[in-house]
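Work through the exercises below with the structure open beside you. Try each task before reading its solution.

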Amino acid sequence: MTGQDAGTTNRQVWRTESAGHGIDRSQPISFGFNQFRLEGYQGDTVASALLANGVRLVGRSFKYHRPRGIFGIGSEEPNALLQIGSGARREPNTRATVQELHQDLVAGSQNHWPSLKFDLGAMVGLAGALFPAGFYYKTFIANPKRWLWYEKHIRRMAGLGEPPADTDPDDYAHANAHCDLLIAGGGPAGLAAALAAGAAGARVILADENPALGGQLLLAPQRVGGIAGHAWVEQAREQLAALPNVRLMTRTTVAGVYDHGLFTMVERCADHQSEPDPHQPRQRFWRVRARKAVFATGAIERPIAFANNDRPGVMLLSAVRGYLERFGVLAGRTAVLFANNDSVYAASRELVAAGLRIEAIVDTRPGLSEAAAAAKADGLYVLSGHGVTAARGLREVHGADVAPIDADGRTRGAAKTLPCDLIAVSGGWNPAVHLHAQSRGRMAFREDLAAFVPDANGAPYASAGAANGAYDLAACLAEGFAVGAAAANALGLDAPPPAIPAAVGDPVGAAPALWSVQAPKGARCFVDFQNDVTTKDIGLAHRENYVSVEHLKRYTTLGMGTDQGKTSNVAGLALMAAKRGEAIPAVGTTTFRPPYTPFTFNAMVGGQTGEIGHPIRRTAAHDWHVANGGVLTDAAGWSRPMYYATEGLTPQQRIDEEVLAVRNAVGVVDVSTLGKLDIQGPDAAKFLDRVYTNRFSNLKVGRGRYGVMLREDGRVYDDGVTMRLADDHFHMTTTTNHSSSVFQHLEYLLQVVWPDLRVFVTPVTEQWFAAAISGPNARALLADLAPEVDVSNAALPMMGMAEGRVAGVPARIFRLSFSGEIAYEINVDADYGLALWNGILTAGGPHGLKAYGTEAMGTLRIEKGHFTHAEADGRITMDDLGLTGMVSAAKEFIGRRSLGLPDLVAPGRKQLVGFIAAEGERIPVGAQIAALDDLDAVQDALGHTTSQAYSATLGRHIALGLMKNGRAMHGRKVFALSPVLGQRAAVEVVPPCFFDPEGGRQRG
Amino acid sequence: MDDATTARPRSPLAELFLAAQSAPPDDSATVYVQSVPFVGQVSLRGRPDDAAFLAAAQDALGLALPLTAGGMAEGEAHRALWLGPDHWLIVTGEGQGPALAGALKDRLRGLFAAVIDVSGARMRLRLGGPASRQVLASGCTLDLEPPAFPAGHALQTPVGNATVILHCLDAGQGEAEPMYDLYLPRSQALSFWRWLEHAGKPYGLSVRA
Amino acid sequence: MLLIPCPWCGPRDETEFVYGEAAVNRPSDPNSLSNQEWTEHLYFRENPKGEHTERWFHRAGCHRWFSVRRNTVTHVISAAWPPGQEPKP
């Protein structure tokens, strides 16, 4: 009977002659399953097509490698996990029940080795010995080294499928949407809610995870408004599709509920095709802001556990009905139906009519319900007060042991074996409360349904239909219309009174709680198929005192995995409640977290990879940097050249050239990335006095000053030069790193702390392209570039400024120096940045100009002892940097109050110093400063290095660093050690300025 | 490379649009993008409760500054886009930024106000076509449908991987197609372009020179 | 993901904002405080389970700072106001 034996095409032996309104028999589809070529129809899922071909055994289980088949019909499926596709498109752990069939689909079983039929792990029972409940905890917490021995075995035995072989070739997308009402689930209740709210004019999004709307109406013959359920669905769909305010989305799962009306959805745009249409995404990740929501997510049928209930051929009763109704597939030839509710009798009539032989209907309830009596009168063999105690068969069911049982599932008599190849089981339903629970709604336990239902009290969103415990079709529709209209009315719309169609559904009746039937000794009764958790595991957890459901979950892995326990959670906690002798609600549920069903990381990423997801900021001269060998680095989101590579030179040689050009001739560097703030207003100078440690109110117009800002706690925050353009107008520069945070800080002070100050701060970083030319020849170069500007030392001294055309471009010229040489920072409208840059390069030739990058710039500033964020790391004070001279005692400023705090004036603080290496020695990156030249000795660090470079100017390796009482240590011989790198250097402590400490060069 | 002496402005997406000029038009595209480079832009600051400032600005610009979020005012020569309660972006003709800034400064002299030419800070892209709203919405958390975002609405918000000023020129009701202007930080123009290419791919993004 | 009601721009996605810690006011005269009082202002914060007043900055919008009263358990935002305009409870 297994398809593996058949091995030929189009033997849809289990397809019925009629039925199957969901498939198109005129469109056969050929697909592959393991080594076989099979055929199904357009509209099939992989599961329905496999069943049509009589394939029962589809995979092996996670831990015990037991044979497994198809259990359900939708996203609740715990068992039938397949790998779909091949190569880069291979996707493991796909539920066969939701994967739509398409031409040339390739499906494969997981967890079998060497083959599906013959699995070594299952044969030798190795897996069984390996994984009792709590296995990981007991084995590896007690003795972590055991992992080394177990790992290779576990890696082969466990795990779910194989990852794809290569990078995903498909594209993914994001989308955002807003609506008045989001409806999750397009079954009868969801459709009714959409009809009611849509008619009122509400903006509605109706999302359903299935390829077609209709939910349960598609899976059993029911009647709505005098027509077949599936026909009414089509009518409702057409009605809704005609409304411009309603968006219908199929193949779309509402995955998560978040704060303030945010929902995430995953739309599977092309999973039903072998590959996406050209330029179209495979999946789209939606973020929806909804004012109201209705959860009409239906209910999930639950099994009753019995011995070997995981055998292929044991299925949910609703699934068996659904495969017949929607796909025209009979899931067996001879069946035992096993239920605790009346749905089994309606099902039996459909199944018998389709040709299924029913060996017996095993009803756990004592006595005969009306429906049971009717079935009996029709000649069906009804065993009331009985249960299935065990499934017979190994790779598939070939019999069911049936015995009288009591209300708790204990056997009360001898079992007899009934021959069958299908056991269809129904233990009642659990409302799919997941989204309600994610929205922080509480749960109520309804004894009559033996199920948790949403507690409407305090819930932010409504639930309707089976998701709300209303299993009856008429009640589903009524609730749907009611919540849809209520949502519209609450939004101030006017919902017309709905015309609720008459409905004839299944009489469901009561489903008394029964979670498992007593099993013969030593047999396994599975609660969670996907994680191979048995009733015995739950008992073991209880004995070992893992009695909280959250602990039970983690100890046994119950409810984990791709199905998140949709068919098993309630049963698991009910069994725990029984062990504890408590009522189910007292035990409670585990936390429901997003997503409702698994989706790929790629969907969430939505194609926002590379530069799209990590944008790069470029200056106006970026293309020139790239074209001229610039080796780029990321600097606070900007792309900057570290140095310009030249053939035949090492990076260090090239950096040395750039450094020496600045020291001996002239260099140009792109400094556009510095933060720039325009500060204007009558109180601008007063404001700057309050944010910098030094005074700006006495700065002359046309002059600049270097300033340092502190945080309120007295530590150094940021620094830069601010130019005074007019009495009430300043141009502030910040470090590249802090440009946006300084702006926020200044706005905070102006808006919250000192709203009386009349100052406007406007970020203008993007407006200006800035190039700094520096070196002994800088003035001569500027004179060539800006013939209209008087560049003499008298007219344009250090910290002076000028305006005029540079290389033909209107510019602001600031004379300031980071390198210690004569230097000018030329600022122009960024649209003209490249024109300026090219102009400088062209004019610079005769002056020996070289462009330099951030490495040379860093070396030049280390030589000069200028600090950056490497030194001012958030702990450092002005005194630590030796800058107390810049701290005004005569005014208030942010951070001043903290300067006298005990920790800031404590002796022994680290202070900024320089280190110069002995001839030929190289100071390791990130070195500790120590007294002993011993990488292995345990010794106190005297300090650490913060920046280091090879100084071509000095011919030595140098560093800046922080050292305890550093200023008193000048002249000391110490050692820079990096035990991590295994490197060391002998260094001398020196003042933190290695070159031209008097600063004569830059003023020259 | 440009000759240094001519000092021409250059858009951060210049080469992309140059390449697009020579490409054949894509008739199947449902969204198009167009570059409008070197639009004159001036940042204007002033307090909304300062009647003298508002009057002077209106006098200089020929329009009343919008005073609420999303507001946009259009005069004969300029547009004013609300950026914050004391901040407007004045948009004017190509290359007119410095001249407008100068005129505004003169008119507002003595008042508490700040005028800055920011023509180089942002570049303008125009996005249009039947799918243009969907493309924007894929990277924007605002409700872009009318009436939430009608024609004439303008505000600053993240779109894709950049924070842009988004101005709806046409909300695309009835027979009309939606059309938007986007003002993006020039340093992020190319990264934003990469986002736009990806977001527009399913709709056949075409580039109009 | 919060939807934060900017007093100027209306509700916007949390990603548009920068969190600016609890809404603690800077003492008008720090010098009048003892070291103890000043360091408490600098470093000590309530961490309430429930109503919390905090500041946000609308970085990707209007560049305004404002205060928000948010319940740290439910994330319900009950009020938002510009600096100095706290509504009466």
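**Exercise 1. The contact between chain A and chain B**

How many residues does the contact take from chain A, and how many from chain B? Then describe what holds this contact in terms of area, charge and polar pairs.

Solution.

Step 1. Keep in mind that the model is predicted. Chain A gives 52 residues to the contact, and chain B gives 46 residues.

Step 2. Turn to area. Between chain A and chain B about 4,000 Å² is buried, and carbon and sulfur atoms give 53% of it. On the side of chain A, the three residues that supply more than any other three are F760(A), E766(A) and D831(A), with 19% of the area that chain A buries against chain B.

Step 3. Look for charged pairs. There are 5 salt bridges between the two chains. D831(A) takes part in a salt bridge with R186(B), at 2.5 Å from N to O.

Step 4. Count polar pairs and locate the elements. Between chain A and chain B, 30 residue pairs are in polar contact, both residues being at pLDDT 80 or more. The elements of chain A that give two or more residues to this side include β8 (172–184), β15 (283–295), β39 (760–763) and α25 (833–844).

Step 5. Sort the side of chain A by class: 22 residues are nonpolar, 16 are polar and 14 are charged.

**Exercise 2. Chain C and its contact with chain A**

Describe chain C, then the side of chain C that touches chain A.

Solution.

Step 1. Read the secondary structure. Chain C has 1 helix and 6 strands, in the order β-β-β-α-β-β-β from the N terminus.

Step 2. Consider the chain as a whole. Along the principal axes, the C-alpha atoms of chain C fill a box of roughly 40 × 30 × 25 Å. Of the 89 residues in chain C, 46% are buried. Among contacts in chain C between residues at least 6 apart in sequence, 45% join residues at least 24 apart.

Step 3. Move to the interface. Here 28 residues of chain C meet 26 residues of chain A. The buried area is about 2,400 Å², with 50% from carbon and sulfur atoms. Within chain C, the most area is lost to chain A by M1(C), R26(C) and W65(C), which together account for 27% of what that side buries.

Step 4. Check the charges. The interface of chain C and chain A has 3 salt bridges. R26(C) pairs with E712(A) in a salt bridge, where the closest N and O atoms are 2.4 Å apart.

Step 5. Find the elements involved. Both α1 (35–43) and β4 (51–57) of chain C supply at least two residues to this side. The most comes from α1(C), with 5 residues.

Step 6. Sort by class. The side of chain C that touches chain A has 16 nonpolar, 7 polar and 5 charged residues.

**Exercise 3. A charged residue in chain A**

Is D683(A) buried or exposed? Find its place in the chain and its surroundings.

Solution.

Step 1. Locate the residue. D683(A) lies in the loop between β35 (675–680) and α22 (684–691) of chain A.

Step 2. Judge its exposure and charge pairing. D683(A) is buried and has no salt bridge. The nearest side chain of opposite charge is that of K686(A), 4.4 Å away. A salt bridge requires the atoms to be within 4 Å, so this pair does not count.

Step 3. List the contacts. Leaving out residues up to four places away in sequence, D683(A) touches D756(A), L757(A), R758(A) and V759(A).

Note on methods: Residues numbered from 1 in each chain as written. Chains lettered and ligands numbered in written order. Predicted model: local features only at pLDDT ≥ 70, side-chain atom pairs only at ≥ 80, totals over all residues. Heavy atoms only, no water. Helix = DSSP H or I, 4+ residues; strand = E, 2+ residues; numbered from the N terminus. Buried < 20%, exposed > 50% of the residue type's maximum accessible area, 1.4 Å probe, protein only. Lys, Arg positive; Asp, Glu negative; His and termini not counted. Contact = heavy atoms within 4.5 Å. Buried area = accessible area lost by both parts, 1.4 Å probe. Nonpolar A, V, L, I, M, F, W, Y, C, P; charged D, E, K, R; others polar. Polar contact = N/O pair within 3.5 Å; in protein donor to acceptor, adjacent residues only side chain to side chain.
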